[in-house]
Amino acid sequence: MTDAQNVDFRSICPIATGLDIIGDKWTLLILRDMLWGHKTMFNEFRESIEHIPSKMLSNRLKKLESLDYISKNKGQTNKKNIYYFLKDKGLETAPIMIEIGLFTTNNYFEHLGETYTKDLKKNKKNKESYILELVIKYKTFKKSIHI
């Protein structure tokens with residue numbers, strides 16, 4: 001169940017609405033860290049190169065959970081541990097992230113270099129299979145986690 005009442009939509013334009021949900025400075029980076037980096041815990045997200053402030057991270061995780069992009073699970077062994085996992089809606093953002101990454105790689109490669117763009121460039125022609133591979137890897141990772 002989603003809680004769209006927590007989002008102020010600017011218009012009925014699908015692009016504006018999408019940006020209202022995932023277009024802020026941090027949301028896609030959290031989803032990126034989950035999909036590519038297999039991050040699941042609050043402190044793992046804090047270690048990202050962009051250094052998201054704790055309060056902002058907490059707010060974005062709550063927003064993503066309320067909108068059904070991620071789930072929040074308490075640890076079985078240690079109840080203090082909280083794990084976050086992508087749900088199907090969160091996984092559906094993979095093509096958006098790929099397209100943003102390809103656009104940026106194509107237009108700002110001088111800034112980016114090879115480090116983070118290698119996979120994108122390599123899979124540019126078969127985006128669908130790359131997305132499927134990412135999703136399968138994530139789902140396999142998610143099944144392997146024992147909380």
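Okay, let's start with a word I'll lean on: a residue is buried when its relative accessible area is under 20%, exposed when that area is over 50%, and partly exposed in between, using a 1.4 Å probe and protein chains only. By that rule, phenylalanine 85 is buried, because its relative accessible area is 6%.

Before I go on, a bit of housekeeping. This is a predicted model, where local features need pLDDT of at least 70 and side-chain atom pairs count only at pLDDT 80 or more, while totals for chains, interfaces and linings use all residues. Residues are numbered from 1 along each chain as its sequence is written, and side-chain values use heavy atoms, with hydrogens and water left out.

So, the overall picture. We've got eight helices and two strands, where helices (H or I, at least four residues) and strands (E, at least two) are DSSP runs numbered from the N terminus. Walking along from that end, the order is α-α-α-α-β-β-α-α-α-α.

How about the radius of gyration? The protein comes out at 16 Å, which agrees with the value near 15 Å for a compact globule of 147 residues; that's taken over C-alpha atoms, and the globule rule is 2.2 Å times the number of residues to the power 0.38. Buried residues account for 35% of the 147. Take contacts, meaning heavy atoms within 4.5 Å: of those between residues at least 6 apart in sequence, 54% join residues at least 24 apart.

Now the rings. How many aromatic pairs turn up in the whole structure? Three. Rings of Phe, Tyr and Trp (its six-membered ring) pair if their centres lie within 6.5 Å; planes under 30 degrees apart are stacked, over 60 edge-to-face, and the rest tilted.

One of the pairs is phenylalanine 45 with tyrosine 84, edge-to-face, at 6.4 Å centre to centre and 65 degrees between the planes. That pair ties together distant parts of the chain: phenylalanine 45 is in helix 3 (residues 42–46), tyrosine 84 is in strand 2 (residues 82–86), and they're 39 residues apart. Both of these residues are buried.

Then there's tyrosine 83 with phenylalanine 85, a stacked pair at 6.4 Å and 10 degrees. Tyrosine 83 counts as buried because its relative accessibility is 12%, and phenylalanine 85 is the buried one I opened with.

Last stop, glutamate 99, over in helix 6 (residues 94–112). Buried or partly exposed? Glutamate 99 is partly exposed, since its relative accessible area is 40%. Glutamate 99 and lysine 127 are 28 residues apart in sequence, with their C-alpha atoms 8.9 Å apart in space.
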